[in-house]
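Visitor: I'm new to this one, so could you walk me through it while I ask whatever comes to mind?

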Amino acid sequence: MTDPVAISVNQVSKQFGQGADAFFALDQVSVDIRENEFFTLLGPSGCGKTTLLRLIAGFEHPTAGHIQLHGEEISHLPPFKRPVNTVFQNYALFPHLTVAENIGFGLDMQDKPAAEIESTVTEMLQLVQMESMRDRRTDQISGGQQQRVALARALAPHPRVLLLDEPLSALDYKLRKGMQIELKRLQLETGITFIFVTHDQEEALTMSDRIAVMNNGQILQVGSPNDIYDRPSHRFVADFIGDTNFLSAELVESSSEHAVVKLSSGKNLVTGPTEATLNNVVSITVRPEQAVLIDDLANADLQGTVTNIMYSGTDSHFHIELPSQEEFVAKVQNAGPARRDWETGQTVGIKFHDNAVQIVED
Amino acid sequence: MSSSIVSPKKLFSIYKLPGFTFIAITCFVMLYAPIMILVGYSFNEGSSLALWEGLSLRWYYSAWQNEAVKDATLLSLIIALQASLYSTVLATMAALGTTRTRAYRGQTAIYAMINQPLMVPEIVTAVALLIVFATIKQATGYQGLSFLVIAHTAFCVPFAYLPIRARLEDMDRSLEIAAADLYATPWRCFRRVTLPLLLPGILAGAMLAFVISLDDVVITEFVKSAGQDTLPTFMLGQIRRVITPEMNAIASALLAVSVLMVSLIFLINRKKT
Amino acid sequence: MPDDSPSLSKYELAARKQQTRRNLLLCSPALIVLLLAASGPLLVMLFYSFLKSGNYGGVIYEFSLDGWLNVFLVRDIFDDVLKVADAHLSVFWRSIKLSAMTTFTCLVIGFPTAYFIATRPRESRNFWLFLITIPFWTNLLIRTFAILELIRNNGIVNNLLTDLHIIEQPIQMMYTDFAIMIGMTYVYLPLMILPLYASMEKLDFRLVEAAYDLYATRIRVLRKVIIPLIKPGIVAGSILVFIPSLGAFVTPRVLGGGKNLMLGNLIELQFGQGRNWPLGAALSITLLFIVMATLLLYVRYSQKGGVQHEQ
């Protein structure tokens, strides 16, 4: 990953409201987004991801901080002076213009010659496979087709960065899956930096090169989908993406390469390095599929009593109550080789996979 | 007899209340009967207002031949066209300045001023205008049409303002944001996106203003100088003296214009949804 | 307004100032015209109400309270004693009485009609509503004229009744209070139906079902459920009919003749044969004051939660 930085967000804050009503939609956010990257802003509604996108697009202006595009300050440029285009959540297609006129709108506003507009529009229609809809009105085409037109319209002026504001949220499940593949293809073909906003963690994991997980106006973690899933840095990140277990443990050893935590069972486990203070209680997280249930209690990392078994098709979820009153859920594949004929009330041992334990900030 | 069929009218319906349908139908008949009779008799051959003597366009023709009617019609149209044009331009600008914006100081006062002609009884406005304009007329000696045009423009503003503002508020804000995102400067965004989308509202506003101006009696009656009769003030004057079947014809023609305009406005607003 | 909060960046503040300036600039042409031909003249009229009446119309620019005094009092020509102006009081009384009667009649006819429209299938409601709107936007003078044609001595109604030998002599309906009330009911009826309908359209008929389920009879459902729920519409409609009735000018002039004056006609007189501009101005402001007070009461009512059922 040595691509140069496309968008640099530096200590950006955005305040809405005044006085007692004031609240920070963004609180000193910094992030670098590289060229040619599919970058996703992921978080629950109200976390500030759309605000960040709107600041980059120029629809809002930051209360403090700087936004740079290829090293050039753009925080206070109006949107029509930024080589950045947006695909809107509701598409925002002009109802009084045809499909082709919509796609050509940006080029027209840039005063490009008619011939160039014509050829770019044709090219874009091909790119999104909408050639036959050229002269339709935008209210005469389906939701999926509108989505394609919105994409083509935003891509037509060849922006340096394309911003996508939950563009798939209005589509049904099947169309959405198709469009995910389509979007990824378009990003690879055009080589444009995509900044994608979504609250759907699955969508973020499948499509992104890198993900920034946001909550309460802050970016908690930036990393590849794999990083985010396997090595969450915050309790919120681990919880928001996939299912997980949280346990308390004591940090007994800490160095720049690794750390050791002592579980409530007394067992010591090695994890990645942490900045937490030695001898303090820390939260650790273990994904439900990162543990197996075993008979051999002596060899187990934890032990507890099965309180509930939930069957869910591909796997079964075993709810286990630990002596520390914490609950642990283990996910066992129904088709796998592991033993799964436990019954409620039985005492079982829990054994974690290697590198399964991760210390998280609360 | 479990198999007997109950007449559907006897079945209980939660929507029905005794006598309501009867009163409602009567109400519709009452609303339309007087107008229908008026229009019907405008085609009466005879000169009696009550005796039907066969179908004819005689009174329309006779009204058309009447110089006073012709002059009044022309004046009505001149004033209504000007007033609707000016008030629509003013109302469009005011609507753009009062909608879709953060609240600003004086906004409530602006609303109150724009809607003032709707709240103040027409006779009060008319008398106030008479006082001011008569003083100006006396001082300057100018007695032209401008007094009527400016008075009509002022009271047409709220009528033009209403549909334009409604349309603006319904308009999807993200369309203009999208235009800005696609390199449209604010002025081009207005010309290429806002204005075309606003057009149905502006059209409805202009037509409403036209109808309102065309139908006005009270303010015109008090503001006009000698010889400046519009069709409605001409009618008012005639009603006081002698009623001829010609009046039916004039009234029916005016009615037709109003109904046509209102139907058009209805259609325009319907198309939007 | 705390718009100048220091936490906003200078760009945001500048943008806001610019937006407000733009808004005011856009509104100013309309405001100037309205000031010239609507609000301003009202102030001038207020000023004129405190002047001395000219002999042949117009005013003499001298301060005088006669205009206001004459609203309710008259100075006897012979002995200069102030007496209550019975003629004016009777006009005030007639205006209020006829307006109240008109409002009531409109409500009695309009309520079932609005209910009828609100209970039509969704697709046909617009059509019925359109039928109400059409007369609303057509010329008030013409509609009054249509009523005149109907109730004149040799009008349709009298002719029909004589032809059927129900009556010998035509009934004198013109130039009576009754004629004015009929006319005003006819021209202002849509103003009652439209807000009533707006309220009824939002009526949740599951509540009516619940009432029937709990053993309410039709009359009780109407009294205990429907009417309380659409009270905001009833109040709005009544205000919308009462206010223009109070200021009516054309209808009483055409149907009431010279004797049955309402406030609007009394005001006109002061600018015609009567020629007492200050009195006319004072009467106009009195009418305006009554109208504004009614509107204010209505605003108070709706703010106090009178419209709480509308969600």
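Visitor: Are C:Arg152 and C:Glu149 buried or exposed?
Guide: Both C:Arg152 and C:Glu149 are buried, and their side chains meet in a salt bridge with an N to O distance of 3.6 Å. Please keep in mind that this is a predicted model.

Visitor: How many salt bridges are there over all chains?
Guide: The count comes to 30 salt bridges over all chains. One of them joins A:Lys177 to A:Glu202, with the closest N and O atoms 3.2 Å apart. That pair links distant parts of the chain, since A:Lys177 lies in helix H5 (residues 173-190) of chain A and A:Glu202 in helix H6 (residues 201-207) of chain A, 25 residues apart.

Visitor: And those two, buried or exposed?
Guide: Each counts as partly exposed: A:Lys177 has a relative accessibility of 27%, and A:Glu202 has one of 43%.

Visitor: What about B:Arg100 and B:Glu176, what do their side chains form?
Guide: The side chains of B:Arg100 and B:Glu176 meet in a salt bridge, at 2.6 Å from N to O. B:Arg100 sits in the loop between helix H3 (67-98) and helix H4 (107-119) of chain B, while B:Glu176 belongs to helix H7 (residues 173-181) of chain B, so the pair ties together parts that are 76 residues apart in sequence. B:Arg100 is partly exposed at 23% relative accessibility, whereas B:Glu176 is buried, with a relative accessible area of 10%.

Visitor: Which residues are linked in a network of salt bridges?
Guide: The network links B:Glu221, B:Lys224 and B:Asp229 with C:Arg253 and C:Glu268.

Visitor: Switching topic, how many disulfides does the structure hold?
Guide: Over all chains, the structure holds zero disulfides.

Visitor: Why is there no bond for B:Cys27?
Guide: The closest cysteine sulfur to that of B:Cys27 is in C:Cys106, and because the two are 9.1 Å apart, they are too far for a bond. B:Cys27 also counts as buried, at 1% relative accessibility.

Visitor: And where is the closest cysteine sulfur to B:Cys189?
Guide: For B:Cys189 the closest cysteine sulfur is in C:Cys27, 19 Å away, which is again too far for a bond. B:Cys189 is buried as well, with a relative accessible area of 9%.

Visitor: Last thing, which residues form a nonpolar patch on the surface?
Guide: The patch is formed by B:Leu118, B:Met119, B:Leu162 and C:Met292, which together have about 310 Å² of accessible area. Among them, B:Leu162 is found in helix H6 (residues 146-170) of chain B, and B:Leu162 is partly exposed, with a relative accessible area of 44%.

Methods: Residues numbered from 1 in each chain as written. Chains lettered and ligands numbered in written order. Predicted model: local features only at pLDDT ≥ 70, side-chain atom pairs only at ≥ 80, totals over all residues. Heavy atoms only, no water. Patch = residues over 30% accessible without salt bridge, like charges linked within 9 Å, V, L, I, M, F, W, Y side chains within 5 Å. Areas by Shrake-Rupley, 256 points an atom, 1.4 Å probe, with all protein chains shown as cover. Salt bridge = Lys/Arg side-chain N within 4 Å of Asp/Glu carboxyl O. Helix = DSSP H or I, 4+ residues; strand = E, 2+ residues; numbered from the N terminus. Buried < 20%, exposed > 50% of the residue type's maximum accessible area, 1.4 Å probe, protein only. Disulfide = S-S within 2.5 Å.
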